[in-house]
Amino acid sequence: MADAFLRGHLPPLETITIDLDDESVARRLRLARRRLALRVAIGDLAGVDDLTTVTQTLSDFADHALDTAITTAITERTPDAAPIGFAAIALGKQGSRELNYSSDIDPILIFDPATLPCRRGEAPETAAVRIARRVVELLQTRDGDGYVLRVDLRLRPSPEVTPIALSVDAAISYYESLALPWERAAFIRARAAAGDRVLGNRFLSAIAPFIWRRALDFGAIGEIRGISRRIRDHYAQGQAFGPGFDLKRGRGGIREVEFFTQIHQLIHGGRDPALRVPATRDALAALAKAGWVDSQEADALANAYTLFRTIEHRVQMVEDRQTHQLPSGAALDGVARLHGVADGPALLALLEPHVTATARSYDGLDPDADGALSFDSAALAAQLAETGFGDTTTAVQRIEHWRSGSYPALRSPAARAALEAVLPGLITALGESPDPHGAIIRLDRMLGRLTSAVNFFRLLEARPALARLLGLILSHAVTLAEDLAGRPELFDGLIDASALDPVDDVARLMREMAGGPDYQAKLDHVRRVVGEKRFALGTQIVAGVADPLAVSAGYARVAEAAIGVLAQATVAEFAIAHGTVPGSELVILALGRLGGGALTHASDLDLIYLFTGDYLAESNGRKPLGAVLYYNRLAQRLTAALSVPTASGPLYEIDTRLRPSGTQGPLTVSLDGFAQYQREQAWTWEHMALTRARPVFGSPEARDSVQAIIMDVLGGDRPERDILAEATDMRREMALHKPPLGPLDAKLLPGGLVDLEFAVHMVQLTRRIGFDPNLQRAIDGLITAGAAPDGMARAYELLARLLVTLRLVAPTAEPPGPATQALIAQALRMEDWGRVVASLEATRHDVAAWLAQVEGLAT
């Protein structure tokens with residue numbers, strides 16, 4: 001019956017009306033994207049819609065959203081002008097209408113100076129860039145409804161030096177005379193997807209001879225084979241088939257089906273227009289029909305591609321993550337069941353013959369490649385071996401890939417010259433790192449994401465010690481490596497030797513973060529400083545120069561300073577229009593790990609917004625607001641200031657669900673209302689959260705008032721509840737719905753930090769002692785009072801150090817490689833990895849025993 005109900009096509013996309021309310025457009029697009037994801041997932045998992053329907057539906061929405069964003073960006077600037085003269089050329093999977101659940105889009109944005117609507121006195125080039133920025137903002141900015149699409153503009157010509165929107169004539173000139181070979185392959189799937197499609201199609205027609213060459217000499221054939229080898233080398237990255245296999249980039253995966261197809265199209269499509277088909281499986285069929293690919297091989301590759309893409313969707317739909325790797329353990333079993341097979345091993349057995357056959361087909365593209373190294377490559381391999389590389393083949397392939405200018409960041413002569421200058425020292429530094437192979441692979445990924453590498457290489461050349469530090473980061477800290485790939489300027493903060501010293505107190509940090517001539521500049525400045533401080537703190541752990549507990553406290557001081565600076569700036573900015581509420585002020589209460597002054601690199605911030613004074617009062621500005629509305633809007637503005645990414649990067653995820661009545665209540669509440677709620681209505685879990693509460697913004701008098709309420713409530717001025725029974729039920733419910741990430745999850749494993757926190761808070765609330773937002777000091781107080789075993793202090797230290805360290809070096813909580821195991825042992829002040837594992841097991845046993853003892857008091 002369910003199948004009959006779902007049978008047919010997915011429901012059509014809803015039309016999104018364009019108006020001048022940009023927030024309305026953006027929100028409608030975000031909500032439409034969420035509805036679409038649900039509809040597609042239901043149709044996919046129910047077996048009603050095949051891969052073609054799913055990918056085309058997702059691609060059509062991407063076209064629709066991109067077109068809507070372009071129209072909005074033009075219309076809001078020039079309301080009376082037609083939205084023409086600006087087009088988006090879709091590349092990659094959007095171009096071939098093969099987008100997956102969590103694809104980004106890779107458009108090239110072009111404009112016609114003769115027809116683009118401009119404001120009076122505005123140059124078309126300036127207008128085009130402003131329109132492009134607005135398009136990206138509408139699609140990519142996150143809020144409570146999520147985002148629409150991730151947008152990557154780095155496939156345009158020379159992205160390190162060109163504007164994000166190119167004039168059509170300049171783009172045509174580039175592709176006719178300067179483009180690199182890989183760009184031919186990229187344009188096989190190009191399509192005028194949004195905006196002025198007449199302009200887009202004119203551009204594609206003009207560059208068609210560049211893509212589809214009729215004559216193919218031997219040099220061009222060799223060039224295409226070189227593309228094949230570099231692609232294979234880069235995306236294989238030594239990944240063996242099994243759990244963790246990269247469905248997209250692994251040997252015999254999605255990329256190899258796509259590039260097998262595209263290389264044949266490049267060779268033969270110049271003479272046969274029937275082969276100029278963007279979709280991979282359609283192109284395979286066309287190649288087989290024309291006799292260029294064996295029909296059985298084409299069918300096998302098409303079937304493999306269908307299976308790989310379908311499983312890729314299963315992996316991505318779990319958390320809407322842009323990942324292509326098969327998970328391991330229970331997570332792999334979950335993906336398998338989504339696909340209708342019994343477990344992870346059954347899924348691997350289903351995939352393996354297709355992976356093997358695809359790899360064999362891809363190998364056949366270059367039968368002359370025997371793996372022999374050129375003279376220069378042989379010399380490079382010898383140098384790599386001398387410096388510590390075991391796998392010199394992969395390292396040589398990576399370095400030759402960089403030298404070829406295949407990445408956008410390495411295409412300019414200046415970038416390649418900077419690479420050559422730094423390469424000897426960089427090879428030595430990476431070779432001496434704990435994991436040379438992992439370091440060079442992560443550096444390769446990082447370079448692939450950069451828009452420009454010149455300054456990065458010059459910095460390493462000027463400061464050789466930083467190259468050694470980079471080797472440590474790339475060997476161990478995948479989290480920091482990802483941060484660095486997105487914002488290479490973070491590395492600049494390590495130039496100062498004091499970067500590896502403990503961070504200053506909150507007051508000094510606030511003075512450092514205060515800056516910028518206007519509100520937007522202040523937001524950017526805080527993000528730059530916070531990014532550098534957090535990166536440096538993480539590096540301290542990797543370099544082995546700081547205790548993870550001290551780093552955790554440093555993370556918290558940085559966050560508190562950012563809150564203070566941005567709250568002051570936002571209050572002042574808000575007052576320009578709305579004034580202030582006489583006799584009233586904003587107070588910010590931190591809870592959770594921030595309240596306790598102990599964050600990790602990945603922590604979000606749990607905040608409650610309060611205000612003092614009369615809730616019936618009104619502000620005194622030119623646009624007066626009642627106090628409740630005033631502070632709710634102010635809190636919304638502040639939350640955005642603390643969370644929305646700007647050109648200087650992201651800041652923090654903000655969680656306000658711990659406020660009175662949770663998401664059902666207002667964002668802010670008066671101090672009197674907060675006190676009444678905590679004394680009369682709050683549940684046990686809310687009082688448990690209150691044990692970690694700490695005011696972090698407000699006048700000293702306001703903070704004292706809030707703290708007095710907290711201590712009165714914790715001291716007993718609260719409803720009588722069966723604390724032990726309710727907390728026990730809550731912990732069991734939490735364990736059911738939030739299982740551990742992996743075998744090293746120091747937070748969520750039985751006997752981990754969460755269990756320790758529950759035991760502490762249950763004892764605090766029942767015995768009304770030991771209250772301190774800092775969990776370490778709270779445990780010490782309970783031990784002194786005889787209310788907790790002596791071993792709980794050591795338990796907290798081990799679990800907290802492990803959690804802070806793993807968030808950097810093993811965020812999936814799976815056991816890392818031997819080199820990183822040694823780093824973790826050093827951070828935990830233990831002699832080896834075996835001791836770490838044994839101590840974790842013993843600590844979990846002790847914590848679980850104490851929790852069971854505390855829970856037993858309820859019976």
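**Exercise 1. Classify Glu-258 as buried or exposed, and characterise its pairing with Arg-189.**

Step 1. Glu-258 has a relative accessibility of 2% and therefore counts as buried, the class being defined as under 20% relative accessible area, with exposed over 50% and partly exposed in between (1.4 Å probe, protein chains only). The structure is a predicted model, in which local features need pLDDT of at least 70, side-chain atom pairs count only at pLDDT 80 or more, and totals for chains, interfaces and linings use all residues. Residues are numbered from 1 along each chain as its sequence is written, and side-chain values use heavy atoms, with hydrogens and water left out.

Step 2. The side chains of Glu-258 and Arg-189 form a salt bridge with an N to O distance of 3.6 Å; the criterion is a side-chain nitrogen of Lys or Arg within 4 Å of a carboxyl oxygen of Asp or Glu. This bridge links distant parts of the chain, 69 residues apart: Arg-189 lies in the loop between α7 (181–186) and β4 (191–195), and Glu-258 in helix α10 (residues 254–268). Helices (H or I, at least four residues) and strands (E, at least two) are DSSP runs, numbered from the N terminus.

Step 3. Arg-189 is also buried, because its relative accessibility is 6%.

Step 4. Arg-189 and Glu-258 belong to a network of salt bridges that links them with Lys-93, Glu-98 and Arg-255. The count of salt bridges comes to 33.

**Exercise 2. Determine where the partners of the Arg-768 and Arg-844 salt bridges lie.**

Step 1. Arg-768 pairs with Glu-720, with 3.8 Å between the closest N and O atoms. The two are 48 residues apart and link distant parts of the chain: Arg-768 is in the loop between α31 (753–767) and α32 (775–784), Glu-720 in the loop between α29 (700–714) and α30 (723–737).

Step 2. Arg-768 is partly exposed at 41% relative accessibility, whereas Glu-720 is exposed at 70%.

Step 3. Arg-844 and Glu-841 form a salt bridge in which the closest N and O atoms are 3.6 Å apart. Both lie in helix α35 (residues 833–856), three residues apart, about one turn of the helix. Arg-844 is buried, with a relative accessible area of 18%.

**Exercise 3. Identify which residues touch the most other members of the largest nonpolar core.**

Step 1. A nonpolar core is a set of buried Ala, Val, Leu, Ile, Met, Phe, Trp, Tyr and Cys residues joined through side-chain atoms within 4.5 Å. The largest has 168 residues, of which Trp-402, Phe-491, Met-513, Ile-588, Leu-607 and Tyr-609 touch the most other members. Helix α24 (residues 548–578) gives the most to this core, with 14 residues.

Step 2. Beyond four places in sequence, the contacts of Leu-607 (heavy atoms within 4.5 Å) include Ile-563, Ile-588, Leu-642 and Ile-654.

Step 3. A second, separate core has 40 residues, among them Ala-41, Ala-65, Ile-70 and Val-151.

**Exercise 4. State what the buried residues of helix α19 pack against, and describe the surroundings of Arg-692 and Thr-310.**

Step 1. In helix α19 (residues 454–462), the buried residues are Val-454, Phe-456, Phe-457, Leu-459 and Leu-460. They pack against α17 (413–431), α18 (436–449) and α20 (464–476).

Step 2. Arg-692 occupies the loop between α28 (684–690) and β9 (694–697) and is buried at 8% relative accessibility. Among the residues it touches, not counting those up to four places away in sequence, are Gly-592, Arg-593, Glu-757, His-761 and Pro-773.

Step 3. Thr-310, in helix α12 (residues 295–317), is buried, with a relative accessible area of 13%. Leaving aside neighbours within four places in sequence, Thr-310 is in contact with Leu-51 and His-339. Thr-310 and Leu-45 are 265 residues apart in sequence and 9.9 Å apart in space, C-alpha to C-alpha.

**Exercise 5. Locate the segments in which pLDDT stays under 50.**

Step 1. The protein averages a pLDDT of 87, and 91% of the residues score at least 70; pLDDT is the predictor's confidence in each residue, from 0 to 100.

Step 2. The value stays under 50 over residues 1–10, which have 15 contacts beyond four places in sequence. It also stays under 50 over residues 12–22, with 25 such contacts.

Step 3. Where pLDDT is low, the predicted coordinates should not be read in detail.
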